[in-house]
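Hello,

Here is the structure I promised to pass on to you. Please open it and keep it beside this message while you read.

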Amino acid sequence: MSPSNHGFSTRAIHAGQEPDPRTGAVVPAIYQTSTYKQDGVGGLREGYEYSRSANPTRTALEQCIAELEGGARGFAFASGLAAEDAILRGLLRPGDHMIIPTDAYGGTFRLVDKIVKPWGVDYSLAKVAHADAIRGEIRPGVTKLVWVETPTNPLLGIADIAAIAAIAHEAGALLVVDNTFASSYLQQPLSLGADIVIHSTTKYAGGHSDVVGGAVVVAEHVAVPEFEDAAERIGFHQNGLGAVSGPMDSWLVLRGLKTLALRMERHCDNAERIVQLLQSRQDVTNIYYPGLDSHPGHDVAARQMKRFGGMVSFQLAGGEQHAVDAIGRTELWILGESLGGVESLIEHPGRMTHASVAGTELEVPGDLIRLSVGIEDAEDLVADLEQALG
Ligand SMILES: *Cc1c(COP(=O)(O)O)cnc(C)c1O
């Protein structure tokens with residue numbers, strides 16, 4: 001079987017996951033082991049030596065996610081941020097410069113600002129919805145990496161991956177895309193010219209709010225010669241730092257991926273229904289959803305995404321306290337951080353996920369509400385949200 005010729009769902013279910021040759025077990029085993037018997041000193045079976053270096057359940061996940069993103073190599077980590085660290089400190093060196101979005105995920109900004117920068121890598125912020133803003137921040141010969149998230153959190157900004165890849169490569173810099181919000185199903189950054197994709201598999205990839213994990217996929221051909229060995233360097237960092245995905249966590253993400261396509265279609269269906277509800281209400285002053293014609297990134301999103309995803313943000317007339325009160329009144333929508341699970345979540349970015357960026361360039365409006373639209377029955381989600389908004 002050569003899974004790479006198959007469609008997305010076939011790969012999601014089969015890539016890296018041949019039935020067990022000994023027992024025929026259809027589902028990969030959870031190899032809950034730290035070490036492996038050697039057949040004589042150095043006689044490793046299929047290269048397995050110690051589970052920080054490699055574990056068969058993690059290998060299955062790494063092969064699966066690489067095939068889903070159309071890349072050459074996949075790496076699974078203990079969290080999305082551990083995956084990001086492996087890219088940044090695996091590839092950059094003190095003295096290098098990188099560019100990140102003004103509205104990057106808060107944890108990404110914290111990693112870059114508080115850990116990678118003190119280590120010696122400088123960064124600039126750019127509004128990635130305007131590709132030219134990135135060109136303006138390039139420092140020739142020094143900028144080695146451009147980091148992009150699309151759609152962004154929580155304002156659903158859209159970055160033009162192909163345009164930014166061209167700008168980065170012209171400057172001799174790599175393009176890394178955080179594909180967490182879109183998922184591998186809705187968006188394939190490597191096919192648009194990105195060199196590396198990163199996911200928080202905690203979100204849509206895992207999809208059931210029961211695991212924290214991260215993944216990196218490196219393209220077959222990295223466009224910058226200096227980084228030809230990017231996959232080896234990330235692999236070295238993964239083993240050298242050791243923030244690996246454990247066997248049970250790898251298994252949960254593998255299981256989640258099998259239904260990714262189905263779940264994403266339903267997330268999108270339900271999000272569209274919720275957007276219709278919001279559009280019908282006088283008290284909703286602004287809706288952030290790339291599927292709307294009025295969204296400034298709509299055309300780019302339509303070009304590079306299969307559909308527009310399950311995340312919706314909106315502003316509510318009546319001010320911050322009114323938004324906070326409405327969020328507190330939902331019964332079905334669960335008030336909580338994170339996103340991408342089967343259950344619908346509602347949150348107040350200003351006081352929750354984005355509280356740490358208050359007073360900075362990244363501050364979000366106080367009357368903003370963010371929804372991670374789940375896969376429940378749409379009528380129930382609509383009814384509960386209407387009830388909460390009053
Ligand atoms: C959650 C998230 C991360 C960080 O992932 P963890 O698994 O929480 O470490 C990175 N990027 C985006 C877009 C996220 O939503």
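**A strand covered on both sides**

Let's begin with strand E2, where both faces are covered: His 97, Ile 99 and Pro 101 are buried on one side, and Met 98 and Ile 100 are buried on the other. Before going further, please keep in mind that this is a predicted model.

The split into two sides follows a pattern you will meet again: in a regular strand, side chains alternate between the two faces of the sheet. Buried here means that a residue has under 20% relative accessible area. Five of the five residues of E2, which spans residues 97-101, are buried, so the strand is largely enclosed by the rest of the structure.

**The partners of E2**

Which strands run beside E2? One is E3 (residues 122-126), which pairs with E2 in the parallel sense over five bridges. If you would like a pair to find on screen, Pro 101 has Ala 126 in E3 as its bridge partner. Strand E4 (residues 143-149) also runs parallel to E2, and three bridges join the two. There, Met 98 is matched with Leu 145 of E4 as its bridge partner.

Now follow the chain from E2 to E3. Together with helix H4 (residues 106-116), these two strands make a right-handed β-α-β unit.

**Around the ligand**

Next, please turn to the ligand. Its shell is made up of 13 residues, and the closest are Gly 80, Asp 178, Ser 200, Thr 202 and Lys 203. Sorted by class, the shell has six polar, four charged and three nonpolar residues. Which helix gives the most to this shell? That is H3 (residues 80-91), with three residues.

Three side chains are worth a look here. Asp 178 has a side-chain N or O atom 2.7 Å from a nitrogen atom of the ligand. For Thr 202, a polar side-chain atom lies 2.7 Å from an oxygen atom of the ligand. Lys 203 likewise has an N or O atom of its side chain 2.7 Å from a ligand oxygen. Taken alone, the ligand exposes 380 Å², and the protein buries 92% of that.

**A loop residue to finish**

Is Gly 318 buried or exposed? This residue sits in the loop between strand E9 (311-316) and helix H12 (319-328). Its relative accessibility is 66%, and the cut-off for exposed is over 50%, so Gly 318 counts as exposed. Measuring from C-alpha to C-alpha, Gly 318 is 44 Å from Ser 9 in space, and the two are 309 residues apart in sequence.

Enjoy exploring!

Conventions: Residues are numbered from 1 along each chain as its sequence is written. This is a predicted model: local features need pLDDT of at least 70, side-chain atom pairs count only at pLDDT 80 or more; totals for chains, interfaces and linings use all residues. Side-chain values use heavy atoms; hydrogens and water are left out. A residue is near a molecule or strand if one of its heavy atoms lies within 4 Å of it. A polar contact is a pair of N or O atoms within 3.5 Å; within protein, one must be able to donate a hydrogen and the other to accept it, and residues adjacent in sequence count only if both atoms are side-chain atoms. Accessible areas come from the Shrake-Rupley method with a 1.4 Å probe; for residues, only the protein chains shown count as cover. Helices (H or I, at least four residues) and strands (E, at least two) are DSSP runs, numbered from the N terminus. Ala, Val, Leu, Ile, Met, Phe, Trp, Tyr, Cys and Pro count as nonpolar, Asp, Glu, Lys and Arg as charged, and the others, Gly among them, as polar. Buried means under 20% relative accessible area, exposed over 50%, partly exposed in between (1.4 Å probe, protein chains only). Two strands pair if DSSP finds at least two bridges between them. A crossover is right-handed if, with the strands pointing away from the viewer, the path from the first strand over the helix to the second runs clockwise.
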